[in-house]
Amino acid sequence: MAQQRILLATDPRWRVERVRSHETAPQWSPVYTAPSGRLVLPFDAAAMEFRGDDGRGAWIDALTALRVAPAQRYQLRPQARESRCSVVVSAADGVADAPWTGDAAQRLLSPRALYRLRLHWRRLEAGLDGVDATPRLIADALAAGGFAHSEGAVGRARRCLVAEAVDGRTLSLHELAEAASSSPFHLARSFRRLTGLSPHQYRLHLRLAAALAQLDAGERDLAGLSHALGFCSQSHLGALFLREVGVTPGEARRELQAA
């Protein structure tokens, strides 16, 4: 798996990079070793699997932040024949007070947190923000998020919800439960207990994360974007975006493009 790294900012304590992984087939990468503690944050809507040499696995989608321990050996596998872009925040050797130290290995980020982080990455790259602001933004994002459960019926359901965008369909709760080898009642209860969201809320958050990525890339056709992401209308996307992100889609695009 080839990787392209772009340095956004660095200081004696932190290093922030945008990393794009390219893969010609959905297969496991070579074994990587993390030289220091790091947090992998989503930057686009592509999904990927993580497998550590300690047996720990994770499903990394457009909402998931993943903590990697110092000297951790791991492999990655993309969901499909596509590239994935992430932002990797690494701690310098000897830095033990990173905002994710001791936190859960996998956390879900809200659409509002994703927008704030994405704006910060753009401002870092433009030299408008300092890297000293990064730890607090990350700490706030992790504290507001739920847990990204990757195993059992909930993990299988998360994979199905990500695959919906590729398949171009929306599964009912009964269809989602059947695909996850669970009952609708048990899946709905377990999903909310473990992630803090209902399956439908999770679906909407995935769509908002995809919308943010497209707006960041300069997308101006909001009606087309709404249709492509499965929203009923442009007004439906706009109302949900304003409620969950805190700004309108047009305002988000202007702020991200201005950075």
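Ala71 sits in the loop between strand 7 and strand 8 (73-78). In this predicted model, its phi comes out near 65°, a positive value in a residue that isn't glycine. Most residues other than glycine have a negative phi, which makes this loop a good place to start. At 55% relative accessibility, Ala71 counts as exposed, since the cut-off for that label is over 50%. Ser181 tells a similar story. Its phi is near 60°, again positive in a residue other than glycine, and Ser181 is found in the loop between helix 4 (173-179) and helix 5 (184-195). With a relative accessible area of 59%, Ser181 is exposed too.

Next come the helices. Two packed helices are described by the angle between their axes and the distance between the axes. For helix 1 (residues 111-125) and helix 6 (residues 199-216), the axes come within 10 Å and cross at roughly 20°. Angles under 35 degrees count as roughly parallel, so that is the label helix 1 and helix 6 get. Their crossing is right-handed. On the helix 1 side, the residues in contact are Pro111, Leu114, Tyr115, Arg118 and Arg122. Across from them, helix 6 brings His205, Leu208, Ala209, Leu212, Ala213 and Asp216. Sorted by class, this contact of helix 1 with helix 6 has 7 nonpolar residues, 1 polar and 3 charged.

Some of these names come back in the salt bridges. Arg118 and Arg122 of helix 1 and Asp216 of helix 6, which take part in the helix contact, also belong to a network of salt bridges that links them with Arg18 and Glu125. Within that set, Arg18 pairs with Glu125, and the closest N and O atoms are 3.1 Å apart. Arg18 lies in strand 2 (residues 14-22) and Glu125 in helix 1, so this pair ties together parts that are 107 residues apart in sequence. The two partners don't share a burial class: Arg18 counts as buried at 12% relative accessibility, whereas Glu125, at 37%, counts as partly exposed.

A search of the whole structure turns up 16 salt bridges, and another one that spans distant parts of the chain is Arg158 with Asp61. Here the closest N and O atoms are 3.2 Å apart. Arg158 belongs to helix 3 (residues 152-167), while Asp61 is in the loop between strand 6 (57-60) and strand 7 (64-68), and the two are 97 residues apart. Both ends of this bridge are out of reach of the probe by the numbers: Arg158 has 0% relative accessibility and counts as buried, and Asp61 is buried as well, with a relative accessible area of 0%.

The side chains of Arg123 and Asp129 also meet in a salt bridge, at 2.9 Å from N to O. Neither end is buried in this case: Arg123 is partly exposed, with a relative accessible area of 30%, and Asp129 counts as partly exposed at 26%. Put next to each other, the three pairs cover quite a spread of settings, from Arg158 and Asp61 at 0%, through Arg18 at 12% with Glu125 at 37%, to the partly exposed Arg123 and Asp129.

Note on methods:
Residues are numbered from 1 along each chain as its sequence is written. This is a predicted model: local features need pLDDT of at least 70, side-chain atom pairs count only at pLDDT 80 or more; totals for chains, interfaces and linings use all residues. Side-chain values use heavy atoms; hydrogens and water are left out. Axes are lines fitted to C-alpha atoms, for helices over the stretch in contact, and angles run from 0 to 180 degrees between N-to-C directions. Helices (H or I, at least four residues) and strands (E, at least two) are DSSP runs, numbered from the N terminus. Angles under 35 degrees count as roughly parallel, over 145 as roughly antiparallel, 65 to 115 as roughly perpendicular and the rest as oblique. A crossing is left-handed if the near helix is turned anticlockwise from the far one by less than a right angle, and right-handed if clockwise. Contact means heavy atoms within 4.5 Å. Ala, Val, Leu, Ile, Met, Phe, Trp, Tyr, Cys and Pro count as nonpolar, Asp, Glu, Lys and Arg as charged, and the others, Gly among them, as polar. A salt bridge is a side-chain nitrogen of Lys or Arg within 4 Å of a carboxyl oxygen of Asp or Glu. Buried means under 20% relative accessible area, exposed over 50%, partly exposed in between (1.4 Å probe, protein chains only).
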